[in-house]
Amino acid sequence: DMSMPQSPTTMDTDQVAPAERAGFWADWIDRLFHGLKSDVYGDSDFEGRMSTVRAGDVVLTRLEASRHRVIRSSTLARTTEVPYLKIVAPWVGCAGVEQKGREAWVTPDQWSIYDTTDAYAVANPVKVEHLIVMVPKERLIERGLSLDPLMARRLGGSGGVARIALETMRSAWREAPTMSDAAARGVGDAITQF
């Protein structure tokens, strides 16, 4: 029943032996995000967990992990899947988003957005807790926004509308498991209004 609240889908590297964790994580990322490559900086120990929940057509993931980075080549940024824009908003640590020849580093209370249909890389050089929000690209295109200039920029931090958007995303993550589908869709709408 679509109107029922969703419980988050969770993946945790605790499910496997320490030596297998980096590989387990890489496989999971590859499947979940369609061909996204993951790298743990050559570390021998890695721990990560992800919980994902949907709010209408917006997908929210809480990611906690040891340092790692992800890379999507332009060949893998395929056109077959739903084109999403992805937002990374750290609670702890930082993220470096590279796309379109730009690089933006974000820390807690800031966020950056990137386009999954184009090549990108996200570096997480320290242990992180991130909120990752995926919004269908169509949602923003239909509002007539010029998207390219927004990609791989540092947003938020200074208050105003970017701050409200961040609060909306964080509340959506907290509330989504208990929200009705209509309310969840409303949150998806609110996130795309920034």
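## A tour by salt bridge, sheet and helix

Start by selecting Lys 137 and Asp 115: they form a salt bridge in which the closest N and O atoms are 2.7 Å apart. Lys 137 belongs to helix H2 and Asp 115 to strand S9, so the pair links distant parts of the chain, 22 residues apart. Check the surroundings of both ends, and you will find that Lys 137 and Asp 115 are each buried. Keep in mind as you go that this is a predicted model.

**More salt bridges**

Next, pick Arg 163 and Asp 109, another salt bridge, with 3.6 Å between the closest N and O atoms. Arg 163 sits in helix H3 (residues 160-175), while Asp 109 is in the loop between S8 and strand S9 (110-115), so this pair ties together parts that are 54 residues apart in sequence. Arg 163 is partly exposed, at a relative accessible area of 28%, and Asp 109 is partly exposed too, at 32%. Now add Glu 167 and Arg 170 to your selection: together with Asp 109 and Arg 163, they are linked in a network of salt bridges.

For one more, go to Arg 62 and Glu 64, whose closest N and O atoms lie 3.8 Å apart in a salt bridge. Arg 62 is partly exposed, with 22% relative accessible area, and Glu 64 counts as partly exposed at 24%. The structure holds 14 salt bridges, in case you would like to hunt for others.

**The sheet of 5 strands**

Switch to a cartoon view and colour the open sheet of 5 strands, ordered S2-S5-S10-S7-S8 with antiparallel pairing. Strand S2 (37-39) and strand S8 (102-106) are at the edges, each with a single partner strand, so one side of each has no neighbour in the sheet. On average, neighbouring strands here are turned by 15° against each other, direction ignored.

Zoom in on strand S5 (residues 68-72) and strand S10 (residues 120-124), an antiparallel pair with 5 bridges. Arg 69 stands opposite Ala 123 in S10. Helix H1 (residues 21-32) packs on this sheet and touches S2 and S5, its direction making about 155° with that of S2.

Is strand S7 (residues 95-99) largely enclosed or open? Of its 5 residues, 4 are buried, so strand S7 is largely enclosed by the rest of the structure. On one pairing, 5 bridges join S7 to S8 in the antiparallel sense, with Gly 96 having Trp 105 in S8 as its bridge partner. S7 and S8 make a hairpin with 2 residues between them, and Lys 100 in the turn has a positive phi of about 55°. S7 is also joined to S10, antiparallel, by 3 bridges; look for Val 97 opposite Val 122 in S10.

**The sheet of 7 strands**

Now colour the open sheet of 7 strands, which has the order S1-S3-S4-S11-S6-S9-S12 and antiparallel pairing. Its edge strands, strand S1 (9-12) and strand S12 (155-156), each pair on one side only. Within this sheet, select strand S6 (residues 84-92) and strand S11 (residues 128-136), which pair antiparallel over 8 bridges. Tyr 84 stands opposite Pro 136 in S11. Bring H1 back into view: H1 lies across S1, strand S3 (48-55) and strand S4 (58-65), running at about 20° to S3.

**A last stop**

Finish at Leu 150, in the loop between helix H2 (137-141) and S12. Leu 150 counts as partly exposed, at 23% relative accessibility. Its C-alpha atom is separated by 19 Å from that of Ser 74, 76 residues apart along the chain.

How values were computed
Residues numbered from 1 in each chain as written. Predicted model: local features only at pLDDT ≥ 70, side-chain atom pairs only at ≥ 80, totals over all residues. Heavy atoms only, no water. Pairing = 2+ DSSP bridges. Axes fitted to C-alpha atoms, helices over the stretch in contact; angles between N-to-C directions. Contact = heavy atoms within 4.5 Å. Buried < 20%, exposed > 50% of the residue type's maximum accessible area, 1.4 Å probe, protein only. Salt bridge = Lys/Arg side-chain N within 4 Å of Asp/Glu carboxyl O.
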